[in-house]
Amino acid sequence: MYSLGSESLIKQAREIQEPELRKFYGRLVKLLQLKELGHETVDSLHRLHLILSANKYARTLPSDLRQKLLSLLSSPAEQLQVLSSAVLRETAPSSGEELNNIQENVSQLNTHVAALLVSQARSRTDLSSLCARLVHGLEGRPSDGPTRSLTFTLPVLHSILRLRPESLTEEHVTILSKKLVDWLRYASTVQGGGASSGGFFTGPRSRQPLPTAELDGSVSGDFFTVLCVGQGFTEDQWMNVYSFSMLRRWLLTYHSVSSGNSTMDADDRSEVDGSVVSMVSATSSSSRLLPPKERLREKAFQYCQRLIEQCDRKAQKKSDTELQKACMVEAVCILDCVCVEDPSMVFRTFPSIKALFGRLSSDLSYARVLLPIAQFYLNHGEMAAVDCECVWKLVFGRFPAELFNDPFLAHELLRFLRQNLDSLRLRAPQFTRFLPNLLKFLAWDSPAVVDDFVDLLPSLVTEETAVEMLHTLLDLPCLSAALVLQLRSMSLPISESSSRGLLSLDTFRNPAFRGLFLFLLRVETGSGHTIDRLSTLHDLLAEAADWPRVVRCAQVVPVLLHIYFNTIVTVAEEKLLAHLILVMLERSGLLLAIPTYSREIHRVFSCHLLRLCKLRPSLVVDQSHVLLEFAGTTANVYSKEEVYTHVVWVLGEYLSASSDSRCSVELITSCFETLEAVLFEITSSAPPPGTVCPAPKVITTLMSALAKLASRSHDLIPRVSLFFSKLRTAARSGSVAWCADEDDLVFIVTRGEELWSLLKAPGVAQSVLTPPPHVLTPRWHRDTNLAMPLQLRVLTRLTHSQ
């Protein structure tokens, strides 16, 4: 939302008339002709940018104004460069000739000019032309012109590489790979003569050049890297930094280049025989014999090994320690790319990666560095025949257990899981054991990570963990409360809106209940369950029902349950599905007392109970004892209305010989008597104190189920007919205690009379209430042996005719 002042300015910019706009153009041209451009010029450029960006369609500027703006792109004042580039990007695309004129002046190239050129390139040809000029500009020697433009070339190429990597040709790849090798490996090791132009470290001018230093203060004993410090930097040292920053992107995407010109790379490859390349790559002393891409990989390997060695030094500043961590992340990622490209490098790289893991694994402050190391183990551990179990216990065990409240780690770890699901299933299938641990991220900050778990959950559902996963998802709000208590018990600050004392904190510390909380905070699956003591746990956490974090967590559980059930029907056998029905019925009354939470969970259970029984009707006979026990408990009518209604409907719909040949008359009679007793009880007395009258839907569903069962066993028809008769008589005598609304009572009685009328003709009743499968799924419109398709075609012609 814009402020009122901003909306007013935007409205004025949109409503400006053409004559006024032409006058404004003229005034701006006159201002740009002055030798010194002051605040009035800057304000006018701001206004012009607002006018152009506030309109839907791009405008075309007068040629004289456009030329003035183009000249500002090379202004020494960066503010004018930014404004002119922003204004030109809002206009209609430049002509091809104009773009060429800008490109030819490579010495004046900067990031703002590049942004204009990239945004207004009309085709891949334009971008390829720009790439060609930039890449060939890198080959120029210092005497060919100012070298300052090189510092802007790599960022521009990096942007193009990210957007349209196919704009580069093989010739460009070869040239740039060679230049990257030179900048990475052979940059000067002497500090710049003057102060740095900005960036990592700046300082006063030094009178005579000094060698660069390490972060611990010692003199650099090897080639220059991004972790070398000094009071100033030379041009090639800045190019070293830029090269390192784009190296990973380059290694990942230079295969996407156009194959339009591959002669140079082919010539370079012809210098060395393929069998010799693998031998030469084993030693860095012969790397000059390698083709450009292989040589770049070799130098990238050396550079990253040097960075890892530098990160072992104790930095003198805290900010430099953070820089070391960032460089370790990037170095390990680059080494991973190098080994993916050339598997023979794995054996040279793994010792340093293994040593780095051993050094950092005990310090969780390096968790974000250890994730790329885990990626390296996942990609190459099998080839190197390395045991990775300790890595997975750290990443999936300690990280979520101890750092669940770190939002950056949560994001990166879940992204690691999403991006590597297939590899993890193949090489580290044990990661599914850590599901309770991974769910701590969700329990702690549900809104931030729910999208990740929507993607991950289907892959985590297995037959072995299905039942425990269902319990864990239902207990997710309890886990959220337990995590809050865990941090509070350690006196760690938590950003909660309520600062009052927590009674449950004493319970959390009480040894008598420690086992319950340890189960909630477990790391792996298969460590028992708390079904017998869940009610106790919910009582202990009663005050957590209104904590914002717990409420937000409860809101995502129904979404995840839908995903869980949608997945389980595709992987589970009938025995497991039968057990899940039992769990749903048990857990429908064992939920943390959060407002609306139970109602939402009951709605999910009801939906998927119908789906499971429709998919496997035999489940109703298999679990008939459990279903009848649930349906025969009158209290469920009032406390679990949604689930109860659907259980009754399932019994009436699928407890028949047509759905399962094992369904006997005795089973139908037993079910009838159970439902009859409940219906008689709730329609013959007032509801228990503290409850409301049962919903009409519950009563009509019970009546329909009784009618269906009676239509399958005709001996039961007199009993259900007698009930319908008594119901009509009771309704005519006046109001009843079990129905507070007169309209609802009329609806119930009308439904009873309809069913009673059907049962007077048992054959018709069975056809209507229990139709055969061919009636439920008719194919009349497809069966050519019937007259229905012909009739439909005739009716279609009649309705479409004039």
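These are my notebook entries on aromatic rings, and the charges over them, in a predicted model.

Entry 1, aromatic pairs. I searched the whole structure for aromatic pairs and got 19. I picked Phe 350 and Tyr 377 to look at in detail. The two rings are edge-to-face, with 5.1 Å centre to centre and 85 degrees between the planes. I then asked which helices hold Phe 350 and Tyr 377. Phe 350 is in helix H16, residues 346-360, and Tyr 377 is in helix H17, residues 367-380. The pair therefore ties together parts that are 27 residues apart in sequence.

Entry 2, burial of that pair. I looked up whether Phe 350 is buried or exposed. Its relative accessibility is 5%, so Phe 350 counts as buried, the cut-off being under 20%. For Tyr 377 I found a relative accessible area of 3%, so Tyr 377 is buried too.

Entry 3, a second pair. Next I took Tyr 564 and Phe 565, which also form an edge-to-face aromatic pair. Here I noted 5.1 Å centre to centre and 80 degrees between the planes. I checked burial again: Tyr 564 and Phe 565 are both buried.

Entry 4, a cluster. I asked which residues join Trp 392 in an aromatic cluster. They are Phe 396, Phe 416, Phe 431 and Phe 434.

Entry 5, charges over rings. I looked at where the charged end of Arg 306 sits. It is over the ring of Phe 223, 5.8 Å from the ring centre. I did likewise for Arg 514, whose charged end sits over the ring of Phe 508, 4.8 Å from the centre of that ring.

Key: Residues are numbered from 1 along each chain as its sequence is written. This is a predicted model: local features need pLDDT of at least 70, side-chain atom pairs count only at pLDDT 80 or more; totals for chains, interfaces and linings use all residues. Side-chain values use heavy atoms; hydrogens and water are left out. Rings of Phe, Tyr and Trp (its six-membered ring) pair if their centres lie within 6.5 Å; planes under 30 degrees apart count as stacked, over 60 as edge-to-face and the rest as tilted. Helices (H or I, at least four residues) and strands (E, at least two) are DSSP runs, numbered from the N terminus. Buried means under 20% relative accessible area, exposed over 50%, partly exposed in between (1.4 Å probe, protein chains only). A charge sits over a ring if NZ of Lys or CZ of Arg is within 6 Å of the ring centre and within 35 degrees of the ring normal.
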